[in-house]
Amino acid sequence: MSDKGSTYLDKILAAKRAELAAPRATRSGALTDRELLELGARLPRPRDFIGALREGPRPGIIAEFKRASPSAGALREGADARQIAMLYAAGGAACMSVLTDKHFQGSLDDLRSVRQSVSLPLLCKDFILEKTQIVEAKRVGADCVLLIVAALPVPQLRQLIEFAHTLELQVLCETRDEAEIDRAMAAGAKLIGVNSRDLQTFELDPDRAAKLRKYVPKSFTYVAESGVRSIDDALRLRDSGADALLIGSYFMTAEEPGEALRELVMAL
Ligand SMILES: O=P(O)(O)OC[C@@H](O)[C@@H](O)c1c[nH]c2ccccc12
């Protein structure tokens, strides 16, 4: 157990706030809300991330490009985002996620590279705290953004969901317990994720996503996030009723990421 105030999530969020407070090179840094909305609305229309998950065989796979994680360190030295994206697309991913936060050695450039190489719907996986980040995600080609309920007070969560939806971006709202699921649904989320890894401690509870499935009505799309380490893990989550599985490390550490994905998709 770690004290409140010194958890991993708190540290990452503090670093993110400092990053956001520093003068930025990007155009959207100094804009008013209205200017941000106008800028965001002019960007190309996003793809239908949720539709891609629901149309194909269930559960749809969201394959994640992830260079490293704070808990495991580097996952694949020198990984090339374009190349991995093409392997994921050919291997049968419904969608892709790109980790763009620097604690995971990611960047928005990775997302931009992936956008240039595949047409799959893309999730920008970052610690989003303000509207500028949503516009930046859309600018590099995201179709969906992650919002973490544990990182955002309810009014802010609601406002960011609404802002993303106005820009026609979809939102994956990440939760870890029943109370957070209720907050996500009340705030307007349609795509609900349950992360089996606790971002406060980085500990994995492999049954969490299956246990919490019953709290989310079928009209929402339910994503089981993290901790799939084998085909059996994926089958168990499928049987618990997950609509989609978000999987990163298992593919990134596989000798052949595209093959590992193809085998998993065939087994489901
Ligand atoms: O590598 P895994 O265990 O398959 O997990 C992927 C994804 O769920 C994980 O990267 C993740 C889920 N939510 C997050 C929030 C921030 C950073 C990372 C994450």
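Helices (H or I, at least four residues) and strands (E, at least two) are DSSP runs, numbered from the N terminus. With that in hand, here are the views.

**Figure 1. The whole predicted model, with 12 helices and 10 strands.** This is a predicted model, in which local features need pLDDT of at least 70 and side-chain atom pairs count only at pLDDT 80 or more, while totals for chains, interfaces and linings use all residues. Residues are numbered from 1 along each chain as its sequence is written, and side-chain values use heavy atoms, with hydrogens and water left out. The radius of gyration of the protein is 17 Å, close to the 18 Å that the globule rule gives for 268 residues, so the protein is as compact as a globular protein of that length. (That radius is taken over C-alpha atoms, and the globule rule is 2.2 Å times the number of residues to the power 0.38.) The C-alpha trace spans about 50 × 40 × 35 Å along its principal axes. Of the 268 residues, 53% count as buried; buried means under 20% relative accessible area, exposed means over 50%, and partly exposed lies in between (1.4 Å probe, protein chains only).

**Figure 2. Confidence along the chain, with a look at residues 1-5.** pLDDT is the predictor's confidence in each residue, from 0 to 100. Its mean over the protein is 94, and 96% of the residues reach 70 or more. Over residues 1-5, please read with care: pLDDT stays under 50 there, and the model has 5 contacts for them beyond four places in sequence. Contact here means heavy atoms within 4.5 Å. As for the overall scores, the model has ipTM 0.99 and pTM 0.96.

**Figure 3. Helix α2 and its two faces.** Within α2 (residues 33-42), you will find Leu36, Leu39 and Gly40 buried. These buried residues line one face of the helix, because they fall within an arc of 95 degrees when seen down the axis of α2. (The arc is that of the directions from the helix axis to the C-beta atoms.) Packed against the buried residues of α2 are α6 (131-139) and α7 (154-166). Turn to the face away from the buried side, and the exposed residues Arg34, Ala41 and Arg42 appear.

**Figure 4. Phe251 in the largest nonpolar core.** A nonpolar core is a set of buried Ala, Val, Leu, Ile, Met, Phe, Trp, Tyr and Cys residues joined through side-chain atoms within 4.5 Å. The largest one has 91 residues, and Tyr88, Met96 and Phe251 touch the most other members. Beyond its neighbours within four places in sequence, Phe251 is in contact with residues including Ile61, Ala63, Arg76 and Tyr88. Pro257, Ala260, Leu261 and Leu264 are also among the contacts of Phe251.

**Figure 5. Lys16, a buried lysine in helix α1.** Is Lys16 buried or exposed? Lys16 counts as buried, because its relative accessibility is 3%. Its helix, α1, covers residues 8-21. Not counting residues up to four places away in sequence, Lys16 touches Asp101, Asp126, Phe127, Leu129 and Gln133.

**Figure 6. Cys95 in strand β4.** The strand covers residues 95-99, and Cys95 counts as buried at 0% relative accessibility. Setting aside neighbours within four places in sequence, the contacts of Cys95 include Phe49, Ala52, Leu53, Leu120 and Pro121. Cys95 is also in contact with Ile61, Ile62 and Ala63.

**Figure 7. Leu111 in helix α5.** Leu111 is buried, with a relative accessible area of 0%, and its helix runs over residues 108-117. Apart from residues up to four places away in sequence, Leu111 touches Val98, Thr100, Leu122, Leu123, Cys124, Val140, Gly141 and Ala142.

**Figure 8. Backbone details at Pro59, Glu168 and Ser226.** A cis peptide bond with omega of about -5 degrees joins Arg58 and Pro59, and Pro59 has its place in the loop between α3 (49-55) and β1 (60-65). Glu168 sits in the loop between α7 and β7 (170-175). Although Glu168 is not a glycine, its phi is positive, at about 65 degrees, and at 41% relative accessibility Glu168 counts as partly exposed. Ser226, in the loop between β9 (221-225) and α10 (231-239), is another non-glycine residue with a positive phi, near 80 degrees. Its relative accessibility of 25% makes Ser226 partly exposed.
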